[in-house]
Structures are given as structure tokens and as C-alpha cells.
Amino acid sequence: MNPAFDTYIQSLAGPDVTVICAGVSNSPLIRMLCSPGARVTVRDRNPALPREECIL
């Protein structure tokens with residue numbers, strides 16, 4: 001990956017992050033945000049999808 005991007009993602013460790021729309025294109029982003037330890041909440045308009053949180 002790009003070192004500047006890696007540094008940015010690592011800087012997200014600790015804060016709360018909310019991702020709107022849990023679609024296929026956001027799944028890799030959600031996993032990437034969870035990896036450095038950010039608290040990620042996922043919200044989607046589709047009521048069939050659960051509200052998820054990951055705390056690593």
C-alpha cells in the first residue's frame with residue numbers, strides 16, 4: 001500500500017468512525033478501518049442488515 005495512506009489509516013486507531021452504507025464496496029473499507037483499532041459503527045438504510053460495531 002501507499003505509506004501515506006497506511007499512516008492515515010493508523011491515525012484512526014482509537015476514534016469512533018461511522019460508515020454509512022454497508023454495501024459490497026464498503027466492506028473492504030470497514031475491515032481496513034477495524035484493523036488499526038478504530039471503533040467502527042456501520043449504518044445502512046436496509047432494515048434487514050444488522051447494525052454492527054467492531055472494537056478491536
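These legends walk through several close-up views of one predicted protein model. In this predicted model, local features need pLDDT of at least 70 and side-chain atom pairs count only at pLDDT 80 or more, while totals for chains, interfaces and linings use all residues. Residues are numbered from 1 along each chain as its sequence is written, and side-chain values use heavy atoms, with hydrogens and water left out.

**View 1. The whole chain, with 2 helices and 3 strands.**
Followed along the sequence, the elements come in the pattern α-β-α-β-β. Helices (H or I, at least four residues) and strands (E, at least two) are DSSP runs, numbered from the N terminus. Of the 56 residues, 25% count as buried; buried means under 20% relative accessible area, exposed over 50%, and partly exposed in between (1.4 Å probe, protein chains only). The accessible surface comes to about 4100 Å², and carbon and sulfur atoms hold 58% of that surface. Such areas come from the Shrake-Rupley method with a 1.4 Å probe, and for residues only the protein chains shown count as cover. Among contacts (heavy atoms within 4.5 Å) with a separation of 6 or more, 23% join residues 24 or more positions apart.

**View 2. Strand β1 beside strand β2.**
Here β1 (residues 16-20) and β2 (residues 39-43) run parallel, paired over 5 bridges. Two strands pair if DSSP finds at least two bridges between them. Asp 16 has Arg 39 of β2 as its bridge partner, and Ile 20 stands opposite Arg 43 of β2. The route from β1 to β2 passes through helix α2 (residues 27-34), giving a right-handed β-α-β crossover. Right-handed means that, with the strands pointing away from the viewer, the path from the first strand over the helix to the second runs clockwise.

**View 3. The two faces of β1.**
In a regular strand the side chains alternate between the two faces of the sheet. On β1, Val 17 and Val 19 make up the covered face, whereas Asp 16, Thr 18 and Ile 20 lie on the uncovered one.

**View 4. The largest nonpolar core.**
Ten is the number to look for, with the core's 10 residues being Ile 9, Leu 12, Val 17, Val 19, Ile 30, Leu 33, Cys 34, Ala 38, Val 40 and Val 42. β1, α2 and β2 each supply at least two of them, and α2 gives the most, with 3 residues. A nonpolar core is a set of buried Ala, Val, Leu, Ile, Met, Phe, Trp, Tyr and Cys residues joined through side-chain atoms within 4.5 Å. Take a look at Leu 12 too: leaving aside neighbours within four places in sequence, Leu 12 is in contact with Leu 33 and Ala 38.

**View 5. Asn 26 in the loop between β1 and α2.**
Asn 26 counts as buried, because its relative accessibility is 17%. A polar atom of the Asn 26 side chain lies 3.4 Å from the backbone oxygen of Ile 20. Not counting residues up to four places away in sequence, Asn 26 touches Val 19, Ile 20 and Cys 21.

**View 6. Ala 22 and Met 32, two partly exposed residues.**
Ala 22 sits in the loop between β1 and α2 and has a relative accessible area of 27%. Its C-alpha atom is 6.3 Å from that of Val 42, 20 residues apart along the chain. Met 32 belongs to helix α2, with a relative accessible area of 22%. Between the C-alpha atoms of Met 32 and Gln 10, 22 residues apart in sequence, the separation is 9.7 Å.

How values were computed: A polar contact is a pair of N or O atoms within 3.5 Å; within protein, one must be able to donate a hydrogen and the other to accept it, and residues adjacent in sequence count only if both atoms are side-chain atoms.
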